[in-house]
Amino acid sequence: MSEGATGSGEPPRPGLLDPVDLARLASLELRARTIVEGAFSGMHRNLHPGTSVEFTEHREYAPGDEIRRIDWKAVGRADRYFVKRFEDETEMRTFLVLDASASMGYRRLGVSKLDYAGYLASALAYLVGQQGDAAGLLLFDEKARSFLPPSTRPGQIREVFRLLESAQPAGRTDAALALGRLGEQIDKRSLIIVMSDLLDSEPDEPGVEARGALPERLRQLRARGHDVALFHLLDPDEVELPFDDLIFFEGMEPGDPRTLLAQASDLAQAFKRESAAFRDRWRAACLEASIEYRFARTDAPPAEVLRAFLADRQRAVRH
Amino acid sequence: MRFLAPSLLLGLLAALLPWLVHLIGKRRALPVRFAAMQLLMRAERRISARRRLREILLLVARTGVAAALPLIFARPFAERTTDLPVASLDPQSAVIVLDDSASMSRAAGLSTMFERARDRARALVRQFPSDVDLALLLASAGSSPKISELSPERARVLEALESIVCSARPADYASALRNASLILAGSAHAKRRIYLFTDLQAAGWESGTGLPASGAPEVIIDDVTGAAPWGNRAVLDVGVVPAPEAGAGGIAVDAELADFSLTGMRGLGVGLKVDGVAVAKGFVDLAPGGRGHKRFLHRLTGEGGGAHEVEVEIDGDAFRLDDHRLAHVELARSMSVLIVNGDPRTARNEDEPFFFAAALRNGLPGAAVTIKLPDDVSPESLGGTTLVALLNVAQPSQAMASALARFVSAGGGLFISVGDRVDATIWNERMAKLLPQPLGLPRTASALPGQHASEIVDDRPAERLAPIDRSHPLLASFPERGEGLVSARFFKYMLLDPAPESAERSVILRYESGAPALVEKQVGKGRVMLLSTTVDREWTDLPIRTGFLPLVREAARRLVGVTGDDEAASLRAGEARTLVFSGDEQRLEVSRPDGSVWVARREPASATNSVLYSETDRLGTYHVRAVGADGTVSARPELDFVVNLDTRESNPARLDPALRPDRIALASPGGKPPKHRVELWHTLAAIMIALLLCESALTLRRRRA
């Protein structure tokens, strides 16, 4: 597992487009390709390392298997027929799980968190498709709004792009419920990449248990052998609260009664501390559950975020 | 609370401004739909208590400032009842007379009568309307006016009141009221009043009220004692006389004590201190309103003719200033006088040195006096002698003349008096170096001078002394008009032949005819004094005059260079002391009991070589020292003096109501207590400034946050 954060605090590499520039590109597919190319400039590795000729496991011969794949040495030792399976032949499936609740639509400058999550998800889907792996998509708010099972069929990635482009922020958040449903439907080992602002679902917050217990759901997925990565996306305003005026704050999600009239500058320091503590709690919870945690501000170039994610994964596999 | 300009209270609506600004600001808040409400609410919970308190304080401070301004302009005031004179509320010219005499220093609870009087005077000044013209005087004798011109500046009067310290001088109400009347005479106001804050002690009114017979200003007396009687005990007098029975250096200290109460005092403690050290203690019973005496015997142990400070002290009461009294004493114990009797008689009182020796023994306790006949005196017998007196000696031998010349040149003193037995020719021949002026012929007075009241009638023609010059150190201690000395009659005296003017020679006394009576001359380190008449009653009645003893005593002291006390060394507070420059002294410095130093410089052009020191408003010992032309500083103990209380201040008797000069009642005629208007805008202004400071601090803190 690896963790990290990418945001405006780190200068973007040359050639990496920031989210606002990406938004000017015509289609999501083009954005995805741009992101991937940016992330992989000088770095040509797969999402699933160890493919091509690397042996992974034996399987008993079944009718239809190629004769040349039979491992004759194993036949001699066990007196049964086994065929070799290689990495590129494993059925590694990738689930892209995106929070599409109303809170993900917050945007003041730049792009919304949902847009940003879309950029990252499309790039990952594009990458998976390029490698011939199966990619699926789950959009959720308080329930599973769209679900596209993983597949390697032609047109799968375009369908992912279509769903991502059509996604609109709405509804309340219940990530735990959506992941619970997902866990029930996945029967094979998969890479599950969750993207959310994680607001109103805290690992240690008293009373959150009743609303879904997202950390618990993530732990359960990890326990079933799935590889889980969590992208924690926040708008810069949700990190620093850079307002000066007297502000009347209202909740974004439907039915949220919370309001606050305050001189924002009075709250800025306390808010920054609360926001940092909030991220620290999530980071600690993920570390404990062996889940990869990655924090990203929506003003950071997505390619940079993707590159750091892939690099960490490759490093983790090598070690 | 009432207002002088209530219409301006409409401005109070301005107090709503901060609230309106607050409400409008709330409406103008920018609405923002925010996702991280959970984090926001937590942050707000963390700082909300502090922030809300600050917001409330800011709102209160701003509302207070907005409300204070119209309130101040509306001139709010409150009315309070007061026990101060209601007459003070009229437009008028007023002179405040504050009694700072000694009796006002008596204790009254935790403060003194003077402090109480000053507090009430201060309250009165504050109570006056702003258009009242004020002046400020003091009631003690010889005091300077604090503010002698009428002025509406109350702050100046209050400041002057603050600076006043109660003195030890006696009261002189007549002078104070007279001066107050003079100040008010030039007033433009129709109402002119004198406010006297006093203890109404009878002492100090002996000279009347001092008010003019017509057109006198109204006098209002504020009796700060509340007419409460007070008992007092005092040391009225301390006298020191020689007491040979106590041994060498023995003195007897006589203290006169008094009780001024209705109860008297049994076992009143009386103590004697010498040079600040308690040496004896006794007890005295005093009858109500009675007097008592206490005598202490004591031996002074110091060497030489040093000065001593003797103090008698009784158990303390509320008025501490008269519970002790000082005397300045100096004993010429080392003085050894050889009197050569040139005209011995069998009857003691006719003997030539009878009065002279008696004056020395009584005037200089401790001085060793030896009387010899001329034939018994040898040059060797001058050894150990500090003063030689040749009284009516017919003719000194040549050897004696030479011995005396050496004796005087070495610092000895020589006193010469003449008589029928003196052979002027031989004296002039053998004693030419020593005589201040050559002796001439005897002269008998030819006319009977004017006869003084109660003097001894003597029908012989006589002459008197010319007015004395008190600037001479020898005469400085005599009364101004020389009482006791100028009344002496001289039936016969010896004329002195003219002598060239000389700095070493000076005439101390002259007869009315202008002939020298007492002449002195500096010879070497010593001094010679010549009296041109007898020291017995043969040629003059001087020996039986009161001035004879101090004259002989001071002459002896001067001749041997011994300093000594004099009558003027004990003053009453407020009395002046003449200080005489001697030799080349350029400056005299007086160290007061409180440690401060008064300096007088010698005026080169001045005809007199003395200065008058009058700042005797503190009880205690005043030490004098002189600074010579070359800057050398030397003590002048003969000029030291003590200042005691004027005993009139000890008597608590109150002024007879019939003699009171006030004609206006303190209270208003209706019986209702008068009301005093207190303006409140000062307080409001102070509150507004405080609120402004709070607002600034809160705003600054908010900006920093």
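In the predicted model, chain B exposes about 32,800 Å² of accessible surface. Carbon and sulfur atoms account for 54% of that exposed area. Chain B comprises 705 residues, of which 50% are buried. Its secondary structure consists of 10 helices and 35 strands. When contacts in chain B between residues at least 6 apart in sequence are considered, 73% are found to join residues at least 24 apart.

Nonpolar packing was examined next. In soluble globular proteins, nonpolar side chains tend to be buried together. The largest nonpolar core of the model contains 48 residues, and the members touching the most other members are A:Phe249 and B:Phe34. Helix H9 of chain A, spanning residues 264–288, gives the most to this core, contributing seven residues. With neighbours within four places in sequence set aside, A:Phe249 contacts residues of chain A, namely A:Leu241, A:Phe243, A:Arg258, A:Thr259, A:Leu260 and A:Ala264. A:Phe249 is also in contact with B:Val32, B:Phe34, B:Met37 and B:Leu40 of chain B. Another core, of 46 residues, lies apart from the largest one; A:Val111, A:Ala125, A:Leu163 and A:Ala296 are among its members.

Two helix pairs of chain B were then considered. Two packed helices are described by the angle between their axes and the distance between the axes. In the first pair discussed here, helix H3 (residues 113–127) of chain B packs against helix H4 (residues 154–163) of chain B at an angle of about 175°, the axes being 10 Å apart. Because angles over 145 degrees count as roughly antiparallel, H3(B) is classed as roughly antiparallel to H4(B). H3(B) participates through B:Arg118, B:Ala121, B:Arg122, B:Val125, B:Arg126 and B:Gln127, which meet B:Arg154, B:Val157, B:Leu158, B:Leu161 and B:Glu162 of H4(B). The residues of this contact comprise five nonpolar, one polar and five charged.

In the other pair, helix H6 (residues 354–363) of chain B and helix H9 (residues 548–560) of chain B pack with their axes 9 Å apart, at an angle of about 75°. H6(B) and H9(B) are therefore roughly perpendicular to each other. On the side of H6(B), the contact is formed by B:Phe355, B:Phe356, B:Ala359, B:Leu360, B:Asn362 and B:Gly363. These residues meet B:Phe548, B:Leu549, B:Val552, B:Arg553, B:Ala556 and B:Arg557 in H9(B). The contact of H6(B) with H9(B) is made up of eight nonpolar, two polar and two charged residues.

Notes: Residues are numbered from 1 along each chain as its sequence is written. Chains are lettered from A and ligands numbered from 1 in the order in which they are written. This is a predicted model: local features need pLDDT of at least 70, side-chain atom pairs count only at pLDDT 80 or more; totals for chains, interfaces and linings use all residues. Side-chain values use heavy atoms; hydrogens and water are left out. Helices (H or I, at least four residues) and strands (E, at least two) are DSSP runs, numbered from the N terminus. Buried means under 20% relative accessible area, exposed over 50%, partly exposed in between (1.4 Å probe, protein chains only). Contact means heavy atoms within 4.5 Å. Accessible areas come from the Shrake-Rupley method with a 1.4 Å probe; for residues, only the protein chains shown count as cover. Axes are lines fitted to C-alpha atoms, for helices over the stretch in contact, and angles run from 0 to 180 degrees between N-to-C directions. Angles under 35 degrees count as roughly parallel, over 145 as roughly antiparallel, 65 to 115 as roughly perpendicular and the rest as oblique. Ala, Val, Leu, Ile, Met, Phe, Trp, Tyr, Cys and Pro count as nonpolar, Asp, Glu, Lys and Arg as charged, and the others, Gly among them, as polar. A nonpolar core is a set of buried Ala, Val, Leu, Ile, Met, Phe, Trp, Tyr and Cys residues joined through side-chain atoms within 4.5 Å.
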